[in-house]
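Me: Got a model here I'd like to walk through. Mind taking some quick questions?

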Amino acid sequence: MKKTLFKGTALPWLLLAPQLAVTCIFFLWPAGAAIWQSVLQEDPWGTRSEFVGLRNFAEVLVEPEWRGAALNTLVFSTSVAVLAMGSALFLAVQADKAIRGGNAYKTLLIWPYAVAPAVAAVLWLFLFHPSIGLIGQALNQAGIAWDYKLNGGQAMTLVIIAAAWKQVSYNFIFFLAGLQSIPKSVLEAAAIDGARPVRRFWTIIFPLLSPTSFFLLVVNLVYAFFDTFGVIHALTGGGPGKATETLIYKVYVEGVQNVNLGSSAAQSVILMVIVIALTAVQFRFIERKVHY
Amino acid sequence: MATLDVSAVSKSFGTNKILHGVDLTVADGEMIVIVGASGCGKSTLLRIVAGLETATTGTIRIAGRDVTGLEPADRDIAMVFQNYALYPHMTVAQNMAYGLKIRGLPKPEIATRVAEAATLLGIQALLDRRPRQLSGGQRQRVAMGRAIVREPKLFLFDEPLSNLDAKLRVQMRAEIRRLQRRLGVTSLFVTHDQTEAMTLGDRLVVMHAGHAAQVATPMEVWARPADTYVAGFIGSPAMNFLEGSLTEGGRAVALKAGPLLRFADGPRPGAEGLPLIIGIRPEHVEATEAGLALPLDLVEPLGSETVLHGRLPDGEALTVKLAGPAPVGGAIQVSLPAAALHVFDAASGKRLDPVA
């Protein structure tokens, strides 16, 4: 890459300004506010606040509801990541084969990424609603008691599917790029060495995709942790009971519905720490990771 | 160790015909070099033998067994690729062991065979490295090793030396030849480099536009090229071609450039006045005191010899290779020895041999 040296300091700062402004206004300021809020306790009328140190954190971490939400998040994000990556990899492998209409197929697969989370949730609602959803109706007619508004397990399954569906496109693009960067002759060499397609996939393609897979795993976990609020909110609202209440959803419930700002802020700070940790792991790994 | 029979193999991509019915029989332990310019179908032919492409028509037999419809895995062949195609996530030892593992050989035997092949190629010290830690020449050796350990019926080489620098290429070329002789494995070697072809092959297949223009030993191809394409492709600098017509009842040619040359080896068939192409290699043209005048427009001194480019009186280009330093002056006189002439039919480009 070409290196440009600036004479003064005014122009570089001017060029950096938009990015710095975005970072400050949309990240540093709210993050700072959240951290400040997390060590305060407000009175019920919101007129006075008192410094309480780390008490909000201590209370959150022992709260059974928070632990329940943490467990939900673990189940939810792992399932979303596995489902979204697994389906995307399968679709990418199919798309990588030279097929007629391959480009149309690839374009269609990318569309779900452009659908807003709430709209995606409504699409799935129309499919799985027990009385008006196509699949929901069919399930009930087939004798399966399907009602995600009553059954926590079914509700979790539905939000997982809806959230994963939205992420498949993103993963698909990366997997497809990863597959296309594997030299064709390496696969031909494996074929001549006697490896059948399934074996070629597991011994050659899959290991060579591992850097891509790891990157996507982190991205998918972060997505499931933070970007799935819309899907959950529109589909189940965290219910039934608290069956689909994840950590991010609980931050909203705590802050907006229960107006417990200190606790809500403390929970969002914990989430922030988690995402920083995930990103740090990813950067360390990428630095050290072998690139083929 | 096996024979290979390619019969009437053709290949089309859509309406684009790449191979027009190629026949080839390879004896046990023979090294055949398929040589031709890019786009002549040589790599396609190799890939069809490997099973990486399917032939549109024709059959492939390895050791007498029809393998036309079989997967590469079932053909018991090994291939060395131009870009080496090593498995980047495996060590050298794992690369070599991969095919053996798939065949379910016991671990101690795999280890023995890998060690043997590594010793043979002088790469014992590299067994624990990964491909990206190796130089081009080392990678090529590993690719060879991966082919050798399998003890296949057939070796296929797809321009394996093209990515190496000139010095290494010469060295690896000799090594491949020695190895192939020693192991006695039937081999097909594809290249666009005529020197590689001449030095490596027991026999050559000169490909041109999807046809096997000539299948013969390197010396035969050089001394008796089957048509003008082969004649121009093999030999450096390339053979000169001069226009002429058959005369004196087939015993001589009247060159457009002037002189009448009598054939040294007997009369050619054909009507009086049949248009001919006369080929003569630059090294066979002789400089004389009184002959055809050749004004020179380019002189290339190569040290031990000199290549001269000029134009004959009728405007045809002629290249001459002379031993020793460049002659003084802007023109020389040349003669074309009758014994060194190659006679081709101008219409078909085919070689015209004397009537027996």
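Me: Which residue stands opposite Ala78(B) in S7(B)?
Reply: Phe155(B) stands opposite Ala78(B).

Me: Ground rules first?
Reply: The model is predicted: local features need pLDDT of at least 70, side-chain atom pairs count only at pLDDT 80 or more, and totals for chains, interfaces and linings use all residues. Residues are numbered from 1 along each chain as its sequence is written, with chains lettered from A and ligands numbered from 1 in the order in which they are written.

Me: Back to S7(B). How does it pair with S6(B)?
Reply: In the parallel sense, over 4 bridges. S7(B) covers residues 154–158. Strands count as paired if DSSP finds at least two bridges between them. Helices (H or I, at least four residues) and strands (E, at least two) are DSSP runs, numbered from the N terminus.

Me: What is the strand order in that sheet?
Reply: S6-S7-S8-S3-S9-S10 in chain B. The sheet is open, has 6 strands and shows mixed pairing.

Me: Which are the edge strands?
Reply: S6 (77–80) and S10 (211–216) of chain B, each pairing on one side only. The twist averages 15 degrees from one strand to the next. Axes there are lines fitted to C-alpha atoms, for helices over the stretch in contact, and angles run from 0 to 180 degrees between N-to-C directions.

Me: Switching to the contact between the chains. How many residues does each give?
Reply: Chain A gives 16 and chain B gives 17. Contact means C-beta atoms, placed from the backbone, within 7 Å.

Me: Which helix of chain A supplies the largest share?
Reply: H8(A), with 6 residues. H8 (184–192) and H9 (197–208) of chain A each supply at least two.

Me: And what classes are on that side of chain A?
Reply: 10 nonpolar, 2 polar and 4 charged residues. Nonpolar is Ala, Val, Leu, Ile, Met, Phe, Trp, Tyr, Cys and Pro; charged is Asp, Glu, Lys and Arg; the others, Gly among them, are polar.

Me: Where does UniProt put the transmembrane regions of chain A?
Reply: The unreviewed UniProt entry lists 69–93, 105–127, 155–179, 200–226 and 265–286. Such annotations may be inferred rather than shown by experiment; feature names are shortened and positions follow the numbering used here.

Me: How much helix is in 155–179 of chain A?
Reply: 100%, with 0% strand and end C-alpha atoms 35 Å apart. Residues 200–226 of chain A are 96% helix and 0% strand, with the end C-alpha atoms 36 Å apart.

Me: How many helices and strands does chain A have?
Reply: 13 helices and 2 strands. Its C-alpha atoms fill a box of roughly 75 × 75 × 30 Å along the principal axes.

Notes:
Contact = placed C-beta atoms within 7 Å.
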